[in-house]
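Please examine the sequence and the structure shown below before attempting the exercises. Each task is followed by a worked solution.

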Amino acid sequence: MMDWLGADRWSPYAVGVGIGLLSWLTLLLSDRFIGASTAFARTSGMIERLFRGEAVLTRPYYRKFVPEIDWEWMFVLGIVLGALGAAFLSGSWRLLTVPDRWAASFGDGFVLRWAAALAGGVLMGLGARWAGGCTSGHGISGTMQLGVTSWLAAVCFFLGGIVTARLLFLAG
Amino acid sequence: MEFAFFRGREIRQWGSGLAAGVLFGFLLQKGGLTGYDVLIGQLLLSDFTVAKVMITAVVTGMVGIHLLRGLGLAVHHPKEGSWGGAAIGGLIFGVGFGILGYCPGTLAGAIGAGALDAFLGGLPGILIGSGLFAVLYPRLERTILKRGDFGILTFPQLARVNPWCIVLPVCLALVLLLLWMERAGL
């Protein structure tokens with residue numbers, strides 16, 4: 001049992017089945033599908049509220065997605081803790097400043113990598129809300145419900161990602 | 001309904017969300033999906049771990065959630081959308097994905113696993129991008145987001161067939177795709 005919990009990696013199929021079963025469970029017990037990007041939008045609203053006060057709540061978007069903690073926000077917090085726990089159990093937790101594959105093409109300077117991560121993050125946050133979901137909400141939860149929007153979004157996520165990564169690494 | 005205990009009260013919602021998130025984060029980490037190298041490897045088509053995990057999750061989930069609905073134990077919540085929203089937003093997301101190398105869920109996992117580029121670069125980026133959308137939303141809402149609107153639509157509704165007529169062939173096709181990927185050594 002401990003060998004299994006302490007393993008660095010599990011088979012991708014075992015992990016996939018686990019995520020699928022988790023989807024049954026969240027639907028049955030909480031009437032929820034897994035997703036992540038709405039929590040980031042709510043957090044963004046909460047931070048803006050700290051600076052601008054209640055005026056933020058008049059934004060039409062925040063009337064739709066009120067900046068407050070909900071199931072999905074706690075879910076995203078749980079992801080941080082779950083990954084932390086899994087990494088500790090396998091002894092693979094470490095502070096990483098620049099990922100290996102990035103460093104191999106663009107050097108191990110952290111300023112460039114963090115700036116790229118910031119810029120990519122801005123586009124991702126914008127795109128996720130524009131599309132109404134992310135790789136979890138559309139890519140996993142929406143596709144399993146056979147939603148037309150979600151299949152279209154999921155194809156575009158990977159299409160955009162594959163083309164961009166290819167161009168970026170050609171340049172690197 | 002006997003599961004009503006888990007619903008309703010906010011604290012239970014929070015608790016069940018947190019517990020589900022811990023399990024999801026644990027699985028992402030064990031699958032290697034919190035790692036930039038694995039995620040960018042998928043986008044560079046050199047590592048198919050992400051595809052294997054996602055396809056297996058979708059097949060497993062699809063069968064179960066349709067069974068649950070068939071048994072009257074759950075309802076589905078497919079998302080509404082449009083070409084202008086899902087396709088354009090999806091491509092913007094994709095460009096961000098190619099540069100950042102994490103998606104929102106795996107970014108949270110990467111933060112837990114100690115990735116500082118995710119924590120100090122990606123996280124503030126996604127928060128800024130989400131805030132930017134909230135600012136732009138009133139202008140986008142009635143224009144581009146309504147372009148080619150399909151509302152809430154699923155493929156079984158589109159084809160006007162029993163959901164299982166789509167679920168079974170799609171699951172079969174996805175399983176064949178996985179088998180092909182294994183045979184091709186991907």
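The following exercises concern a predicted model.

**Exercise 1. The build of chain A**

Task: Determine how many helices and strands chain A has, and describe its extent and burial.

Solution. Step 1: count the elements. Chain A contains 9 helices and 0 strands, and read from the N terminus its order is α-α-α-α-α-α-α-α-α.
Step 2: consider the extent. The C-alpha trace of chain A spans about 45 × 40 × 35 Å along its principal axes.
Step 3: consider burial. Of the 172 residues in chain A, 56% are buried.
Step 4: consider the contacts within the chain. Taking contacts between residues at least 6 apart in sequence, 51% join residues at least 24 apart.

**Exercise 2. A helix of chain A**

Task: Establish whether the span of helix H5 (residues 71-89) of chain A agrees or disagrees with the value expected at 1.5 Å a residue.

Solution. Step 1: find the expected value. The rule is 1.5 Å times one less than the number of residues, so the 19 residues of H5(A) should span 27 Å.
Step 2: compare. The end C-alpha atoms of H5(A) are 26 Å apart, which agrees with that expectation.
Step 3: examine the surroundings. H5(A) is mostly covered, with 15 of its 19 residues buried. Just after H5(A) comes A:Gly91, with a positive phi of about 70°.

**Exercise 3. Two domains in chain A**

Task: State where the domains of chain A lie and how many residues of each are in contact with the other.

Solution. Step 1: locate the domains. Domain 1 of chain A covers 1-95, and domain 2 covers 97-172. Their C-alpha centres lie 17 Å apart.
Step 2: count the contact. Domain 1 of chain A contributes 10 residues and domain 2 of chain A contributes 11 residues.
Step 3: identify the elements on the domain 1 side. Helix H2 (12-30) and helix H3 (37-52) of chain A each supply at least two residues there, and H3(A) gives the largest share, 3 residues.
Step 4: classify the residues. The domain 1 side that touches domain 2 comprises 7 nonpolar, 3 polar and no charged residues.

**Exercise 4. The contact between the chains**

Task: Describe the side of chain B that touches chain A, and name the element that gives the largest share.

Solution. Step 1: count the residues. The contact involves 112 residues from chain A and 106 residues from chain B.
Step 2: identify the elements. Those giving two or more residues to the chain B side include helix H1 (10-31), helix H3 (49-70), strand E1 (80-82) and helix H6 (116-141) of chain B. The largest share on this side, 20 residues, belongs to H6(B).
Step 3: classify the residues. The chain B side divides into 64 nonpolar, 35 polar and 7 charged residues.

**Exercise 5. Helices of chain B**

Task: Decide how H1(B) and H5(B) are oriented to each other, and describe helix H8 (residues 164-183) of chain B.

Solution. Step 1: recall the principle. Two packed helices are described by the angle between their axes and the distance between the axes.
Step 2: apply it. The axes of H1(B) and H5(B) come within 10 Å and cross at roughly 80°. Angles of 65 to 115 degrees count as roughly perpendicular, and H1(B) and H5(B) are therefore roughly perpendicular to each other.
Step 3: list the partners. From H1(B), B:Gly25, B:Leu28 and B:Gln29 meet residues of H5(B), among them B:Gly105, B:Thr106 and B:Ala108. The residues of this contact are 2 nonpolar, 6 polar and no charged.
Step 4: turn to H8(B). Its 20 residues reach 28 Å from the first C-alpha to the last, close to the 28 Å expected at 1.5 Å a residue. H8(B) is followed by B:Gly185, whose phi is positive, near 75°.

Notes
Residues numbered from 1 in each chain as written. Chains lettered and ligands numbered in written order. Predicted model: local features only at pLDDT ≥ 70, side-chain atom pairs only at ≥ 80, totals over all residues. Helix = DSSP H or I, 4+ residues; strand = E, 2+ residues; numbered from the N terminus. Buried ≥ 20, exposed ≤ 12 C-beta atoms within 10 Å, placed from the backbone. Contact = placed C-beta atoms within 7 Å. Nonpolar A, V, L, I, M, F, W, Y, C, P; charged D, E, K, R; others polar. Axes fitted to C-alpha atoms, helices over the stretch in contact; angles between N-to-C directions. Parallel < 35°, antiparallel > 145°, perpendicular 65-115°, else oblique. Domains from an automatic or database assignment.
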